[in-house]
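Dear colleague,

I am handing over the structure that we spoke about, and below it you will find what turned up when I went through it. Please read the notes with the model open beside you.

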Amino acid sequence: MVSDEMRAEVERLKAEQDAVILAHYYVTPEAQELADYVGDSFFLSKLAATLDCKTLVFAGVRFMAESAKLLSPNKRVLMPEPSADCPMAHMMRRETIDQARATYGDDLAVACYVNSTTQMKALSDVCVTSSNAVRIVRALPQPHVLFIPDQHLGHYVSEQVSEKNVILNDGFCPTHEAIEVVEVEALQERYPHAVTLAHPECGSWVLEKADFVGSTSQMIEAAVSSDATDFIVLTVHGVLSELERRCAGTGKRFHFPATTPICPNMARVSGEKVRSCLADGTGEVDLPPDDVAERARAALSRMLELAR
């Protein structure tokens, strides 16, 4: 819970610096509470490009802040925890892209999950998020799609868009991949009438157990609109704050695996660090070289166009 004193100080600093705070669903409850907007990667990436402010504080991991800077190059973008990174973002090699392009030529599109480095975005044709990946891959004119870096989201997309040859990379989210089927089954046995919600970054062996598969925001909306009382939630535990806020007073209950799915990087983004970066101006995100920035921005912009 954020103190009144901290909240007042953050409001003062925001007014002084013409700042807006964005937070991902997976960061700490205090950071979410201080944010002006809380959402998933797609919502926040769209929003960052439209906000009329001088400073963006991005409570999330590095690829999110980098994407915001690419889409809003004239804004100052601050990271409350500069060391918060996404391991999956680095699970990709340029050689994999080069080899696929050499094999398939113009019949190949490279679809890059936003959970990636700026350099990988710059080598891609279009970016995607978990909320729009199926729609965008289906809309691409090329019959072959190299999906990077997440193998699990890529596998899920390949099942939904069977008319395409979706080529998978071997990247993964360590937190989602660590969710064990045996723990999911234990929850389902304990709560037999619960609705099981899963994020497509989970392995296919976990998704097979789910009643609903979708992005974090789609999982939240599914819980809000459902008549069920109990929900088994297979994604990062930080989403509980938004689930409880949206479902307050309904009696709905949310259950996570016994080995709580916690992203160690997101968990380091605290309310105090949000306040500190506003006060000190620390954690500023720089643009990459112009040629890299231009190509990465083009991949992000194409995502926003195709996802309309």
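Helices (H or I, at least four residues) and strands (E, at least two) are DSSP runs, numbered from the N terminus. This is a predicted model, in which local features need pLDDT of at least 70 and side-chain atom pairs count only at pLDDT 80 or more, while totals for chains, interfaces and linings use all residues. Residues are numbered from 1 along each chain as its sequence is written, and side-chain values use heavy atoms, with hydrogens and water left out.

I begin with the loop that holds Pro149, which runs between β7 (144–148) and α8 (151–160). Ile148 and Pro149 are joined there by a cis peptide bond, with omega at about -15°.

Next comes helix α1. Its 14 residues should span 20 Å at 1.5 Å a residue (the expected span is 1.5 Å times one less than the number of residues), and the C-alpha atoms at its ends are 20 Å apart, which agrees. Buried here means under 20% relative accessible area, exposed means over 50%, and partly exposed lies in between (1.4 Å probe, protein chains only). By that measure Met6, Val10, Leu13, Lys14 and Gln17 are the buried residues of α1. Seen down the axis of α1, these buried residues fall within an arc of 100°, so they line one face of the helix; the arc is that of the directions from the helix axis to the C-beta atoms. Asp4, Glu5, Ala15 and Glu16 are exposed on the other side of α1. The cover over the buried residues of α1 includes β1 (19–24), α2 (29–34), β3 (55–59), β4 (76–78) and α14, where contact means heavy atoms within 4.5 Å.

The pairing of α1 with α14 can be described further. The axes of α1 (residues 4–17) and α14 (residues 271–280) come within 10 Å and cross at roughly 35°; axes are lines fitted to C-alpha atoms, for helices over the stretch in contact, and angles run from 0 to 180 degrees between N-to-C directions. Met6, Glu9, Val10, Leu13, Lys14 and Gln17 in α1 meet Gly271, Glu272, Arg275, Leu278 and Ala279 in α14.

Just after α1, in the loop between α1 and β1, is Asp18, which has a positive phi of about 50° although it is not a glycine. Because its relative accessibility is 32%, Asp18 counts as partly exposed.

Helix α10 (residues 181–190) also has buried residues, namely Val181, Glu183, Val184 and Leu187. Seen down the axis of α10, they fall within an arc of 165°, so they line one face of the helix. They pack against α11 (204–207), β11 (230–234) and β12 (253–255), whereas Val182, Glu189 and Arg190 are exposed on the other side of α10. Ala186 also lies in α10 and, at 45% relative accessibility, counts as partly exposed. Although Ala186 and Pro257 are 71 residues apart in sequence, they are 8.5 Å apart in space, C-alpha to C-alpha.

A last residue to look at is Ser41, which lies in helix α3 (residues 41–48) and counts as buried at 17% relative accessibility. Leaving aside residues up to four places away in sequence, Ser41 touches His24, Phe63, Met64, Val114, Asn115 and Thr129.

With best wishes
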